[in-house]
Amino acid sequence: MSSTDTLIDNANSGCPFKAQVNEALTSTTTIRPTGTISPPPASESGSEDSYVPPSPKKSCPVVMCQEIDENLLRKHLPSRIAYLTDYLNFGTDDAEAISEVAPMVHEVIPEMVDGMYAKLFEFDVTKRIFLQRNQGFAGELPKRLEDLTLDSPQIVFRKVFMKSWARRVLTADYTSDTTWAYMDKVGIMHTGASPFKHQKALGIAPLNVPYRDCALMLGHVLEVLQTAVFSIPESKIPLQNKIRAVNAINKVIWIQNDLFSRHYIKE
């Protein structure tokens, strides 16, 4: 096998730029026995003076690989958050982008929450969940699904919590471990386990919601928030800033989704 053949075979083994390497090796260069690369002879190019070196080709990218302890990802919340935020490139710029649009998105939260519960009432499997007593609710509960309405006391109670969560998404300090601990507890409290000490002491049963429905509802929330951001007049927020804010909110919702799924799915 010739030196050229060897180089081409090596270039074809795993490099995404193999086509460019093959072209450079076969059409513009001559391989000397010493392994050096020199221009083609004058008979091929006209004269030595007319030789023009090929333009530099892109090289295969070098990626630094981090070592991740999967046991810590499962058991240590700060390690998991560090991994999630690093993977999604969520940082201070994202938090600032959310803060910029927050005052103009706050007003849609009540309507968003009403829409969320209207959506949950469209399906018996999601509506039936609210026949269970919710954490912290001590009022009367309907016994039949048809008696449960959007104005039922427990639904009104639930809306207060959901409005608080939505406002926190827009105003949280994302440099604080407390923010992520709160979002993790939001995930836990939907699994049938209580993350709050006072609820355990009072014997209050937590809500038990399938992960499927939690994930779907986060998708609905994301759609509403994205629409609200893009509806802000450009005289108040330029389009580029709105795009940054939507991207940042998307990252937060996906992190919240993970902080649901980790308590449902055995990794």
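Let's start with contacts in the chain between residues at least 6 apart in sequence: 62% of them join residues at least 24 apart. Contact here means heavy atoms within 4.5 Å.

Now the ground rules. This is a predicted model, so local features need pLDDT of at least 70, side-chain atom pairs count only at pLDDT 80 or more, and totals for chains, interfaces and linings use all residues. Residues are numbered from 1 along each chain as its sequence is written, and side-chain values use heavy atoms, with hydrogens and water left out.

Confidence next. pLDDT is the predictor's confidence in each residue, from 0 to 100. The chain averages 82. A score of at least 70 is reached by 75% of the residues. The high end is helix α13, residues 239-261, at 98. The low end is strand β1, residues 30-31, with a mean of 44. Over residues 27-36 the pLDDT is below 50. That stretch still has 20 contacts in the model beyond near neighbours in sequence.

Overall make-up. I count 13 helices and 2 strands in the chain. These are DSSP runs, numbered from the N terminus: helices are H or I with at least four residues, strands are E with at least two. Of the 267 residues, 37% count as buried. The cut-offs are under 20% relative accessible area for buried, over 50% for exposed, and partly exposed in between, with a 1.4 Å probe and protein chains only.

On to helix packing. Two packed helices are described by the angle between their axes and the distance between the axes. Axes are lines fitted to C-alpha atoms, for helices over the stretch in contact, and angles run from 0 to 180 degrees between N-to-C directions.

First pair on my list: α7, residues 109-120, and α12, residues 211-230. Their axes come within 11 Å and cross at roughly 145°. The crossing is right-handed. On handedness: left-handed means the near helix is turned anticlockwise from the far one by less than a right angle, right-handed means clockwise. Who meets whom? From α7, it is Met112, Gly115, Met116, Lys119 and Leu120. From α12, it is Met217, His220, Val221, Val224 and Leu225. By class, that contact has 7 nonpolar, 2 polar and 1 charged residues. The classes: Ala, Val, Leu, Ile, Met, Phe, Trp, Tyr, Cys and Pro are nonpolar, Asp, Glu, Lys and Arg are charged, and the others, Gly among them, are polar.

Next pair: α9 and α10. Their axes come within 12 Å and cross at roughly 145°. Here the crossing is left-handed. α9 brings Phe161, Ser164, Trp165, Arg168 and Val169. α10 brings Thr178, Tyr182, Met183 and Val186. The class count is 6 nonpolar, 2 polar and 1 charged.

Now aromatics. A search of the whole structure finds 6 aromatic pairs. Rings of Phe, Tyr and Trp (its six-membered ring) pair if their centres lie within 6.5 Å; planes under 30 degrees apart count as stacked, over 60 as edge-to-face and the rest as tilted. Take Phe90 and Tyr174: 5.4 Å centre to centre, 80° between the planes, edge-to-face. Where do they sit? Phe90 is in the loop between α5 (77-87) and α6 (92-105), and Tyr174 is in the loop between α9 (153-171) and α10 (177-188). They are 84 residues apart, so the pair links distant parts of the chain. Are they buried or exposed? Phe90 is buried at 10% relative accessible area. Tyr174 is buried at 9%. Add Trp180, and the three form one aromatic cluster.Asn89 shares the loop between α5 and α6. Asn89 is exposed, with a relative accessible area of 58%. Its phi is near 55°, a positive value in a residue other than glycine.

Three acidic residues to finish. Glu100 is in helix α6. At 30% relative accessibility, Glu100 is partly exposed. Leaving aside neighbours within four places in sequence, Glu100 is in contact with Ile237, Asn241 and Arg244. The C-alpha atoms of Glu100 and Leu170 are separated by 9.4 Å, with their positions 70 residues apart along the chain.

Asp177 is in helix α10. Asp177 counts as exposed, at 55%. C-alpha to C-alpha, Asp177 and Leu77 are separated by 8.9 Å, yet they are 100 residues apart along the chain.

Last, Asp124, in helix α8, residues 124-127. Asp124 is partly exposed, at 43%. Asp124 and Leu145 are 8.1 Å apart, C-alpha to C-alpha, and 21 residues apart in sequence.
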